[in-house]
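Please open the model in a viewer and keep the selection panel at hand. The stops below proceed from helix packing to the interior.

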Amino acid sequence: MKNLRNAWSPYLQYGNKLVLEENSVVYRQGCEGKGFFFLSEGGIKITLLSKEGVERTVNYVPEGMLFGEHGSRKEAYLTSALTTCSTVVYQFSDEALEKVCENHPEAACIFTNSLIYKFRILAEIIAFLNSPVEQQMAHYLLKLINENGSFSIDQTSFARYIGTSRITVNKILNKWKTQKIIDLSNRTIEILDINLLKELRESGGIHIENLDLLMLTKVD
């Protein structure tokens, strides 16, 4: 799955370019689908609202990736997508998808692989539900840094991503800082000892195979 980054870039001329401000809603959970999107520049977070009304961040979309594929064929969106900064996305309607696949048959495979990757993310979330918070934090931090390089995120947002409280996140991050595993400055978390963080990810009594398959290599 590491080769998905920017694989859709050759087909951007078929999409509709949108320049969005920070905190703009790209699509809303439950609304009728109006196609899917490609993140060209900026940041997108994907959130899921439970039946109990609890909202959790389930993914931060790396640049060069598709998102919202479940909105194709006018199917209702299963999640919501919001910008985290000034962002450029390309929207692809059902008609645009048909044209892309007709003119470029290999695009169908890229679209399918992107969908498969999203199912793997869902499996990842389910697998970590009952694991210790510190193990979850180690994994998701490695994922964010691996896919985006340095990543700017406040502790409240990180807590929503993990599905825990800000107090818990603050306590663990400060412990890691004391242990010189990470450094904190201006909302940016810098990993100082990646091997120790990987050891923490594998700790906690819950072992999950092939975690790195869920990580996309950052493309400069």
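At what angle do helix H2 (residues 106–128) and H3 pack, and how far apart are their axes? Select both helices in this predicted model. The angle is about 155°, and the axes of H2 and H3 lie 10 Å apart. Angles over 145 degrees count as roughly antiparallel, and H2 and H3 are therefore roughly antiparallel to each other. Next, display the side chains at this contact: from H2, select Tyr117, Ile121, Glu124, Ile125 and Phe128, which meet Gln135, Gln136, His139, Tyr140, Lys143 and Glu147 of H3. Coloured by class, the contact of H2 with H3 shows 5 nonpolar, 3 polar and 3 charged residues.

**The whole chain**

Zoom out for a moment. The protein comprises 220 residues, of which 45% count as buried. Its secondary structure consists of 6 helices and 11 strands. Among contacts with a separation of 6 or more, 74% are between residues 24 or more positions apart.

**H3 against H4**

Keep H3 (residues 133–148) selected and add H4 (residues 155–162). H3 and H4 pack at an angle of about 110°, and their axes are 10 Å apart. The range from 65 to 115 degrees counts as roughly perpendicular, so H3 and H4 are roughly perpendicular to each other. On the H3 side, select Val133, Gln136, Met137, Tyr140, Leu141, Lys143 and Leu144; on the H4 side, select Phe158, Tyr161 and Ile162. This contact of H3 with H4 has 8 nonpolar, 1 polar and 1 charged residues.

**H3 against H6**

Now replace H4 with helix H6 (residues 194–202). Here the angle between H3 and H6 is about 130°, with the axes 7 Å apart. H3 and H6 are therefore oblique to each other, and H3 passes H6 in a left-handed crossing. The residues to show are Glu134, Gln135, Ala138, His139, Leu141 and Leu142 of H3, together with Ile194, Leu197, Lys198, Leu200, Arg201 and Glu202 of H6. By class, 6 nonpolar, 2 polar and 4 charged residues make up the contact of H3 with H6.

**Two buried glutamines**

Is glutamine 136, in helix H3, buried or exposed? Its relative accessible area is 6%, so glutamine 136 is buried. Setting aside residues up to four places away in sequence, glutamine 136 touches Arg56, Phe128, Leu129, Ser131 and Ile162.

Move to glutamine 155 in helix H4. Glutamine 155 counts as buried because its relative accessibility is 18%, and buried means under 20%. With neighbours within four places in sequence left aside, the contacts of glutamine 155 are Arg166, Val169, Asn170 and Leu173.

**The nonpolar cores**

In soluble globular proteins, nonpolar side chains tend to be buried together. In this model the largest nonpolar core has 42 residues. Select Ile44, Phe67, Leu141, Phe158, Trp176 and Leu197, the residues with the most contacts inside this core. Helix H3 gives the most to the core, with 7 residues.

Centre the view on leucine 141. Beyond its neighbours within four places in sequence, leucine 141 is in contact with Phe158, Trp176, Ile182, Ile189, Ile191 and Leu197. Finally, select Ala7, Trp8, Val88 and Phe92, which are among the 16 residues of a second, separate core.

Key. Residues are numbered from 1 along each chain as its sequence is written. This is a predicted model: local features need pLDDT of at least 70, side-chain atom pairs count only at pLDDT 80 or more; totals for chains, interfaces and linings use all residues. Side-chain values use heavy atoms; hydrogens and water are left out. A nonpolar core is a set of buried Ala, Val, Leu, Ile, Met, Phe, Trp, Tyr and Cys residues joined through side-chain atoms within 4.5 Å. Buried means under 20% relative accessible area, exposed over 50%, partly exposed in between (1.4 Å probe, protein chains only). Helices (H or I, at least four residues) and strands (E, at least two) are DSSP runs, numbered from the N terminus. Contact means heavy atoms within 4.5 Å. Axes are lines fitted to C-alpha atoms, for helices over the stretch in contact, and angles run from 0 to 180 degrees between N-to-C directions. Angles under 35 degrees count as roughly parallel, over 145 as roughly antiparallel, 65 to 115 as roughly perpendicular and the rest as oblique. A crossing is left-handed if the near helix is turned anticlockwise from the far one by less than a right angle, and right-handed if clockwise. Ala, Val, Leu, Ile, Met, Phe, Trp, Tyr, Cys and Pro count as nonpolar, Asp, Glu, Lys and Arg as charged, and the others, Gly among them, as polar.
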